[in-house]
Amino acid sequence: MERSYAARTSEAPPFNVEELRPVRKPLVLNCLDPIFGHALHKLLNAQHYIDHHPDFDLILIIPRIMRWLVPEGTAAVWMLGGTLSDSGQWNDWLATQIQKQLAPFDTVYLGAAFSHPHGRDYDIERFTGVTPFPLDEWVERWEKPTVTFCWRETRLWAPEERNLPVKQARYARRFLQDSRIIPDQLRRQEQRIIALADALHETMPNLDFAVAGVGDRGSLPNWLLDLRAPSPNDETERDWCARYAESHIVIGVQGSNMMLPSALAGASVSLIPSGRWGSLLQDLLIDHQDARMALLRHLSLPLQTSSEEVARIAAALIREWPFAAVRYNDSDHDVYTRNPHRSGEAFRAIARQLPVLRGEPPLKGGL
């Protein structure tokens, strides 16, 4: 805030007012933030006001790049164009414009933009328009185990002693062409991703592995699906979300790039740099569920973890999740009393499908 105020400006940024329905009792939710994940967390608070305060007319102030995430039920959208970093600029012109927009109303209410809203308070499908991975189809989808790596170029899956300084990481994309270190690190990240996919493919020959995210540097082998884009638009973002929702697991380095993937995929693995353990779980959107299930579905590993070890962990999760789901969900005493063999029957049914992960037909008969 001090830096922003010290560099305050009165220059007019791109600013657009979109009225979706008449506004009579305005409630303003300010979602501006120069970091995508922070802005998304604030935006998720919108569902609370739409569902629990329908007598208010919700006005969202958002960066333009988040327009596609605005949920139905919003009354108006005020969008700040330009780059996402512009959302961190103290702008007196913008303040004046907002005051003019609100001047006709006797009373204006301000929504609370919690930085980390609880998973029970939002449904990610209402923001993305994409249905998350159906957990009850986990085994059925073993015929094509699906993994997506969430690519980013400002915090890399590379040896930490050679990784980007924090200050450089924030602006890395501005000097990628000039830096001799960053392309080397990008190659190392690329090599780790290829090694990860190779190791997974050895145990799951029908593996569907994709790389998605902002960037396009380097070259991936043709057998990996490359969904990266240097300048994604709304359609690209939706396509990425659809891919996350098809994935048993998404894997990536901790940061804003993991939020939507973790909310939509069956499970997530977040790779944590050594200096960022204090921010653990802040990059994950975890729905409201049994704590044991959440711990199983959302793993955090040190950034230094090798490709082979990440592959072993991811493969084990793809294989073992259905058994864990039975183990932790089958706790109704009345149901169990009527059928004491319920869990065993479920375990055997799952075990008969295990060969499918190896590209083989399922087992027949008992186990």
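Which helix lies across β6, β9, β10 and β11? In this predicted model, that role goes to α11, made up of residues 307–329, and the helix runs at about 155° to β9. The four strands under α11 cover residues 146–151 (β6), 249–253 (β9), 267–272 (β10) and 298–302 (β11).

Those strands belong to an open sheet of six, laid out in the order β8-β7-β6-β9-β10-β11 and paired in parallel fashion. β8 (225–226) and β11 each have a single partner strand, so they sit at the edges with one side lacking a neighbour in the sheet. At the β8 end, two bridges link that strand to β7 (residues 208–213), again in the parallel sense. Looking at individual residues there, Ala 210 faces Leu 225 of β8.

There is also a five-stranded open sheet, and here the pairing is mixed, with the strands ordered β1-β4-β3-β2-β5. Its edges are taken by β1 (15–19) and β5 (109–110), each of which pairs on one side only. A helix packs on this sheet too: α4, residues 92–102, touches β1, β2, β3 (57–63) and β4 (76–80), and its direction makes about 20° with that of β1.

As for how β5 is held in the pairing scheme, β2 (residues 26–30) and β5 run parallel and are joined by two bridges. Within this pair, Val 28 has Leu 110 of β5 as its bridge partner.

How values were computed. Residues are numbered from 1 along each chain as its sequence is written. This is a predicted model: local features need pLDDT of at least 70, side-chain atom pairs count only at pLDDT 80 or more; totals for chains, interfaces and linings use all residues. Side-chain values use heavy atoms; hydrogens and water are left out. Two strands pair if DSSP finds at least two bridges between them. Contact means heavy atoms within 4.5 Å. Axes are lines fitted to C-alpha atoms, for helices over the stretch in contact, and angles run from 0 to 180 degrees between N-to-C directions.
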